[in-house]
Amino acid sequence: WKSSGMEVEVSVQFTSSSFPQSLFKDPFMNGYNYGFYFSRHFGRKNGTGDVTGMEVGNEPWIAGMGYSDPAFYSSLLMGMAKGAKDGDPTMRVLPAHFGSLNDSLQRFNASHVRYLDALNVHGYSWLQTVLGRTGVHPEHNMSTQHEVNDLIRFRDAALPGMPIYLTEWGWDSAGGGEDCNPPAGISGPPSPVCVTEAAQALYAIRGALMLARKGLQRLTWFFYGNQATDAASWDVVKGLFSRSGLRSTSAAGYQLKQSYYALKDFIAILGATNFQAVIREDHDSFIYLLANGTNYASHIVAWRPISASESGSINVTFSSTSYPSSAWSLGHSSLIKASLPLLNSTLMQWTMSISIYPTVVALILPEEAPSVTSVQTKTPSQAPSTVNPIPSSQPPSALSNTAPSIRPSQYPSTLNPT
């Protein structure tokens, strides 16, 4: 993992079923000792350098897995976080994901913050229907993915500047030679949390863009691969997370799913960029301005925020002071070149055809554009769909495949996520 440029973050999971609260004679010191020796062994400064960060627990609020006494977890968190920092100050420490804002305030407070590097949240895109928990596109007004907004608002009010890590997100889907049907011996419809293989790939890209716009610092997809379905728990969880992987199970040969290829292209094109501004965000279109490290405006990305089951394109018109250079369509099993927007260079107005697949356009600033004065100006109604207002013979400098993820530049007070 390290040789591939990946950071290893460990979720230290202790559950009431495996480690009853009665076993902890001194929760603070028990946590401190674990955190200290873990960090001293694996840390980047004092240890092997194999681990970059650690989460103190996973979901301590879940009945049967967590601990019903918030004060117990609070002591354990304080001890483990302080121990980890004393063992190796470079160890990145996060709390667990909490069940609600009220639960959060019972389990950690200002005294913990000095030892924490980020807040932690899990966020999946589901909708409650007659079938139960059902997978849905991330922009849906009722998607549970918007629950991250509560923590964002809390962070902005109480801990401005504190990063937020989304340490679990993703969609279950068919693909890789596996479906979402119940396991052998059980009848019934497919798991309602599942979306199609194409939808998983598409929502992964759109979800990452939307979450970067909300101001999340890091996203961790759960899980790397599909898992075998469990007949014993099907009636309760309907195969939840058993098909959330980017590849199939070993039984199906670890086949890569479309989402793997889509995310790989996404990182190659936009991995070195960060969210900069909203150009448009409504029921018809999401249009964002992105920036790289040296260019305030490096890319524009746009898509229709609707279900993957819908089709068709629409034209949207907006203003931009930049010139389009090249364009791609993201979310497919392979990277697809897209037509450039139509440019009215007199009004600096774009007309862009968008669909459910995000179209990303690399930008050239006016002062960088070659022979701008010689570009033929056409109104959108006159220009053919294949017009290339500013031909470019070289790829834009913003492209990079070295960055691990798209990342927000800052947490502006005007973000106001909805």
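**Entry 1: E139 and R206**

I started with E139, which forms a salt bridge with R206; the closest N and O atoms are 2.8 Å apart. I then looked up where the two partners sit: E139 lies in the loop between β6 (132–135) and α5, and R206 lies in helix α6, so the pair ties together parts that are 67 residues apart in sequence. A reminder to myself: this is a predicted model.

Next I asked: are E139 and R206 buried or exposed? E139 has a relative accessible area of 7%, so I noted E139 as buried. R206 comes out at 0%, and I wrote R206 down as buried.

**Entry 2: K85 and D117**

I moved on to K85, which forms a salt bridge with D117, with 2.7 Å between the closest N and O atoms. This pair also links distant parts of the chain: K85 is in helix α2, D117 is in the loop between α4 (110–113) and β4, and 32 residues separate them.

I checked accessibility here too. K85 counts as buried at 17% relative accessibility, because the cut-off for buried is under 20%. D117 has 30% relative accessibility and counts as partly exposed.

**Entry 3: D86 and K82**

Staying with helix α2 (residues 70–87), I looked at a pair within the helix. D86 forms a salt bridge with K82, and their closest N and O atoms are 2.9 Å apart. How far apart are D86 and K82 in helix α2? They are four residues apart, so about one helical turn separates them.

Both ends got an accessibility check. D86 counts as partly exposed, with 33% relative accessibility. K82 counts as partly exposed as well, at 25%.

**Entry 4: the tally and a network**

I wanted the overall number, so I looked up how many salt bridges there are. The count comes to 12 salt bridges. I also found a network of salt bridges, and it links E7, R92 and R218.

**Entry 5: helix α5**

My last stop was helix α5 (residues 148–158). Which residues of helix α5 are buried? I listed V148, N149, L151, I152, F154 and R155.

Then I followed those buried residues to their neighbours: what do they pack against? Two helices are on my list, α3 (101–107) and α6 (197–214), along with the strands β4 (119–122) and β7 (164–169). Helix α6 had already turned up in my notes as the home of R206, and β4 as one end of the loop that holds D117.

Conventions: Residues are numbered from 1 along each chain as its sequence is written. This is a predicted model: local features need pLDDT of at least 70, side-chain atom pairs count only at pLDDT 80 or more; totals for chains, interfaces and linings use all residues. Side-chain values use heavy atoms; hydrogens and water are left out. Buried means under 20% relative accessible area, exposed over 50%, partly exposed in between (1.4 Å probe, protein chains only). Contact means heavy atoms within 4.5 Å. A salt bridge is a side-chain nitrogen of Lys or Arg within 4 Å of a carboxyl oxygen of Asp or Glu.
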